[in-house]
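This report covers one helix and the salt bridges of a predicted model.

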Amino acid sequence: MNLIEDIVKLKENGLTLQEIAQRMNMSLGKVQYRWNKYRQQQTPSNHELPSQPVLKEEKWSMPFEYEEANVHLMPRTSDSLYVYWSFSESTKQMAEHHFRTKWEDLPSILKIYDVTDIDFFGHNAHRTFEVVLPPMTNNWFLHSLESGRTYIVDIGTQTFDGSFFTLLRSNPAETSPSLFNSFHDEKIDRWKHQNVEQPEWLENFSTYSYYQKIR
């Protein structure tokens with residue numbers, strides 16, 4: 001049994017594409033690509049379409065994975081975040097229609113906004129930077145960020161004049177303050193070389209979470 005047959009069989013058994021990707025040890029993007037290609041192959045070409053409309057075709061509903069577009073930004077370390085996303089078919093079709101370009105030919109770009117302590121409305125970030133993504137990418141690690149700051153990520157494409165065009169916007173997420181940079185070296189040395197039950201800095205440690213919304 002080949003790869004697409006395995007995916008179809010698992011889909012018929014009620015698994016989501018995310019579950020299939022995990023079961024087959026593949027990325028979600030690769031599974032989505034093969035599933036989309038399979039669905040396109042099942043659609044009759046124009047010359048095969050009957051002269052009368054087929055009502056049962058209108059009853060087919062798109063799988064859940066493609067009904068909603070979403071992007072999630074998550075804290076990782078004091079200077080890095082992790083973002084992952086998926087696009088709905090309607091979003092892809094909108095972009096293709098707007099730019100008169102096939103989806104796979106559109107450049108994919110991440111735009112990162114530093115929105116610390118501001119009511120962000122799209123154009124008032126403290127600073128921004130962009131990352132051009134490889135094709136078929138659905139997740140990315142953002143490194144070398146400033147600690148203790150709040151970020152929002154847009155995933156989009158590039159207009160004909162070189163401007164950034166937003167397709168999806170993430171939730172805000174915060175990089176945690178860099179605690180360990182402020183601890184004295186002698187405390188670390190005592191923990192390394194002496195009989196200390198636990199590191200002395202643990203008494204100052206607390207858990208950090210990301211913002212659900214900008215207040």
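Which residues of helix 6 (residues 89-99) are buried? They are E89, T91, K92, A95 and F99. These residues lie on the same side of helix 6, because they cover an arc of only 165° around the axis. R100 follows helix 6 and has a positive phi, near 55°.

Helix 6 also holds a salt bridge between E89 and K92. The two residues are three apart in the helix, so about one helical turn separates them. Both E89 and K92 are buried.

The model has five salt bridges by the rule applied. Among them are the following.

| Pair | Closest N to O separation |
|---|---|
| E89 and K92 | 3.7 Å |
| D114 and R149 | 3.1 Å |
| D154 and R169 | 2.7 Å |

D114 and R149 meet through their side chains. D114 belongs to strand 3 (residues 109-114) and R149 to the loop between strand 5 (139-142) and strand 6 (150-158), so this pair ties together parts that are 35 residues apart in sequence. D114 counts as buried because its relative accessibility is 1%. R149, at 18% relative accessibility, counts as buried. D114 and R149 are linked with R127 and E146 in a network of salt bridges.

D154 and R169 likewise meet through their side chains. D154 is in strand 6 and R169 in strand 7 (residues 164-169), so the pair ties together parts that are 15 residues apart in sequence. Is each partner buried or partly exposed? D154 has 0% relative accessibility and therefore counts as buried, whereas R169, at 40%, counts as partly exposed.

Terms used: Residues are numbered from 1 along each chain as its sequence is written. This is a predicted model: local features need pLDDT of at least 70, side-chain atom pairs count only at pLDDT 80 or more; totals for chains, interfaces and linings use all residues. Side-chain values use heavy atoms; hydrogens and water are left out. Buried means under 20% relative accessible area, exposed over 50%, partly exposed in between (1.4 Å probe, protein chains only). Helices (H or I, at least four residues) and strands (E, at least two) are DSSP runs, numbered from the N terminus. The arc is that of the directions from the helix axis to the C-beta atoms. A salt bridge is a side-chain nitrogen of Lys or Arg within 4 Å of a carboxyl oxygen of Asp or Glu.
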